[in-house]
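Let's take a walk through a protein model together, one step at a time. Keep the picture open beside you as you read.

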Amino acid sequence: GGRPVLGICVGMQILFSRGIEHGVETDGCDEWPGTVERLEADVVPHMGWNTVRFAPGTTLFDGLAEDTRFYFVHSYGVRKWEMGPSETMTAPLVTWANHGSDFIAAIENNALSATQFHPEKSGDAGAHVLENWLRTLG
């Protein structure tokens, strides 16, 4: 509805079209096309500090170094971006991370933003992301 939202972890996952956990498929909020599924990695859950690959033009990560680490704790994620180009809306900015394989670490889509990592557990880097998001409220 245009209200500013910052989804965190599961709060990001529910914004996608669907999720599959233990063979059960569940509808999401369908804000973005995509499937939340178990990570493909030797060790799951993905728990600990990891870097991300910032989307070009990012606001959330503005002012942070490329080797900045964020705290993750999750077993599921979106491993494929399924939204194609649109003539009617600006493409969301997608930031990626890797744990065994690539997964979406954050999305910025006008008033709707989300992170798979926990900014509130990510120290100064997470506080910086939250400050950047708050500045968008303007």
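**A guided tour**

Histidine 22 counts as exposed, because its relative accessibility is 70%, and exposed means over 50%. You are looking at a predicted model, so treat each angle and distance here as computed from that prediction. You can find histidine 22 in the loop between strand E2 (16–21) and E3. Its phi is positive, about 55 degrees, although histidine 22 is not a glycine. Why point this out? Most residues other than glycine have a negative phi.

From that loop, let's step into the sheet. Four strands make up an open sheet, in the order E3-E2-E4-E7, and their pairing is mixed. Strand E3 (24–27) and strand E7 (76–78) stand at the edges with a single partner strand each, so one side of each has no neighbour in the sheet. On average, neighbouring strands of this sheet are turned by 20 degrees against each other, ignoring direction. What holds such strands side by side? Strands of a sheet pair through backbone hydrogen bonds, either parallel or antiparallel. Here E4 (residues 32–38) and E7 run antiparallel and are joined by three bridges. To see one such partnership, look for arginine 38, whose bridge partner in E7 is tyrosine 76.

Follow the chain into the loop between E4 and strand E5 (46–51), where you will meet proline 45. The peptide bond that joins valine 44 and proline 45 is cis, with omega about 15 degrees. That is worth a pause, because most peptide bonds are trans.

Now move on to strand E10 (112–115), which has two pairings to explore. E1 runs parallel to E10, and four bridges join them. In that pairing, leucine 6 stands opposite serine 113 in E10. E9 pairs with E10 too, in the antiparallel sense and over four bridges, and here isoleucine 107 stands opposite alanine 114 in E10. Is E10 covered on its faces or left open? Both faces are covered: Leu112 and Ala114 are buried on one side, and Ser113 and Thr115 are buried on the other.

The hairpin of E9 and E10 has two residues between the strands, and asparagine 110 takes a positive phi near 60 degrees there. Asparagine 110 is not a glycine either, and it is exposed, with a relative accessible area of 67%.

Next comes helix H2 (residues 123–135), which has 13 residues. At 1.5 Å a residue, H2 should span 18 Å, and its end C-alpha atoms are 19 Å apart, which agrees. Which residues of H2 are buried? They are Ala125, Gly126, Val129, Asn132 and Trp133. These residues cover an arc of only 120 degrees around the axis, so they lie on the same side of H2. On the other side of H2, Asp124 and Arg135 are exposed. The cover over the buried residues includes strand E1 (5–8), strand E6 (69–74) and E10, so E10 returns to our story here.

Let's finish with the cysteines. A disulfide is a covalent bond between the sulfur atoms of two cysteines. How many disulfides does a search of the whole structure find? It finds zero. For cysteine 9, the nearest cysteine sulfur is that of cysteine 29, 15 Å away, whereas a disulfide needs the two sulfur atoms within 2.5 Å. Cysteine 9 counts as buried at 8% relative accessibility, while cysteine 29 counts as partly exposed at 47%.

Key: Residues are numbered from 1 along each chain as its sequence is written. This is a predicted model: local features need pLDDT of at least 70, side-chain atom pairs count only at pLDDT 80 or more; totals for chains, interfaces and linings use all residues. Side-chain values use heavy atoms; hydrogens and water are left out. Two strands pair if DSSP finds at least two bridges between them. Axes are lines fitted to C-alpha atoms, for helices over the stretch in contact, and angles run from 0 to 180 degrees between N-to-C directions. Buried means under 20% relative accessible area, exposed over 50%, partly exposed in between (1.4 Å probe, protein chains only). The expected span of a helix is 1.5 Å times one less than its number of residues. The arc is that of the directions from the helix axis to the C-beta atoms. Contact means heavy atoms within 4.5 Å.
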